[in-house]
Amino acid sequence: MTLTELKYIVAVARERHFGRAAEACFVSQPTLSVAIRKLEDELGVVLFERGGTEVGITPIGLRVVAQAQRVLEEGANLREIARQGHDPLAGPLRVGIIYTIGPYLLPKLVPEQIKATPQMPLLLQENYTMRLLELLRQGEIDCAIVALPLPDTGLAIHPLYDEPFLVAVPKTHPWAGRKEIASTELKDETMLLLGSGHCFRDQVLEVCPELSRFSAASEGIQRTFEGSSLETIRHMVAAGIGVTVLPSSSLSMPGVQNDLLDFIPFKKPVPDRRVVLIWRKSFPRPAAIDALIKTVSSCDLQGVKYLDPELVEA
């Protein structure tokens, strides 16, 4: 039994498909399949139900995969302990970040982190929240910057900042120049939303739940359009296709505030999101986590309210 074989079974359990799991592990499908079959023979149990379009997991397979995740996590911790040596800040910190935070926080975070801890480079990975949670549990990343709410993860959580939302409209829109907008007014507009899988999309739909029926129904296609990123959507708004909701930190990006767009605050109660840092409670480099938290709190993001750096939720 090897850590590589355990990584393979965790990948198959996540993807429910041998081909996609092999791609995620950067190996050929035959290599992955042979390794998993070898592990099943060694353990004397069947872990996966093969056949059909989706791979199933047997009851004993669920228990083995859960234990494999714990073993991989401890293996990652062992490597970290060896790497840190006498300096807990020595060596890279692997940081995950969701797509709707990365473009706005990273341009400020990275140079500040280089100044503060040049011996601790950040290895960055953007992804969806659920995928980052999986990578964190598997020890593939050390921590992640995400937005609440989160499932009951058993992870350590440190609130970083609260961030209000605002409405972006073309300069030619009748709303341009207004001081504030009620969330209920959005239902009458052509809305541009992120695609499924983005937590920010769900947060926007909470702001204006009437949009859900348009985004889900085929007859509503003229009422909502989807984009792959907030920056793509912003350019579509500038082109006059519709309006959207953005986090206030997006105004920190150079060139966002131009002659094509107008940004309007919401009426109270203003919708917002809480951005947090999460990590495994067993992660052996708490000083690295503290250094990252301190650097984030020094970033000058427009409109955000930074939270108590000493407050940690577990």
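**Exercise 1. Work out what share of the contacts with a separation of 6 or more joins residues 24 or more positions apart.**

Step 1. Set aside the contacts with a separation below 6, and look at what remains in this predicted model.
Step 2. Of those remaining contacts, 75% link residues 24 or more positions apart.
Step 3. Put this beside the general make-up of the chain: ten helices and twelve strands, with buried residues making up 50% of the 314 residues.

**Exercise 2. Decide how far the predicted coordinates can be trusted along the chain, using pLDDT.**

Step 1. Start with the whole chain: the mean pLDDT is 86, and 90% of the residues reach 70 or more.
Step 2. Now find a weak spot: residues 216-222 have a pLDDT below 50, and beyond near neighbours in sequence this stretch has two contacts in the model.
Step 3. Where pLDDT is low, predicted coordinates should not be read in detail.

**Exercise 3. Find out which residues of helix α2 are buried, and how they are arranged around its axis.**

Step 1. Go along α2, residues 18-25, and pick out the buried positions: Phe 18, Gly 19, Ala 21, Ala 22 and Cys 25.
Step 2. Look down the helix axis: these buried residues fall within an arc of 165°, so they line one face of α2.
Step 3. Ask what that set of residues packs against: the partners are α1 (3-15), α3 (29-43) and β1 (48-49).
Step 4. Step just past the end of α2, and you meet Phe 26, which has a positive phi of about 60°.

**Exercise 4. Describe the largest nonpolar core and the elements that build it.**

Step 1. Begin with a general idea: in soluble globular proteins, nonpolar side chains tend to be buried together.
Step 2. Here the largest nonpolar core has 43 residues, and Leu 105, Ile 145 and Ile 278 have the most contacts inside it.
Step 3. List contributors of two or more residues: among them are β3 (93-98), α5 (102-116), β5 (143-147) and β11 (272-279). Helix α10 gives the most, with six residues.
Step 4. Zoom in on Leu 105: leaving aside neighbours within four places in sequence, its contacts are Ile 97, Ile 145, Tyr 161, Val 296, Cys 299 and Leu 301.
Step 5. Finally, notice that another core lies apart from this one, with 30 residues, including Trp 175 and Leu 192.

**Exercise 5. Say whether Cys 25 and Cys 299 are buried or exposed.**

Step 1. Recall the cut-off: a residue is buried under 20% relative accessible area.
Step 2. Cys 25 has 10%, so Cys 25 is buried. Cys 299 has 2%, so Cys 299 is buried too.
Step 3. Check for disulfides: the count comes to zero.

Definitions and conventions. Residues are numbered from 1 along each chain as its sequence is written. This is a predicted model: local features need pLDDT of at least 70, side-chain atom pairs count only at pLDDT 80 or more; totals for chains, interfaces and linings use all residues. Side-chain values use heavy atoms; hydrogens and water are left out. Buried means under 20% relative accessible area, exposed over 50%, partly exposed in between (1.4 Å probe, protein chains only). Helices (H or I, at least four residues) and strands (E, at least two) are DSSP runs, numbered from the N terminus. The arc is that of the directions from the helix axis to the C-beta atoms. Contact means heavy atoms within 4.5 Å. pLDDT is the predictor's confidence in each residue, from 0 to 100. A nonpolar core is a set of buried Ala, Val, Leu, Ile, Met, Phe, Trp, Tyr and Cys residues joined through side-chain atoms within 4.5 Å. A disulfide is a pair of cysteine sulfur atoms within 2.5 Å.
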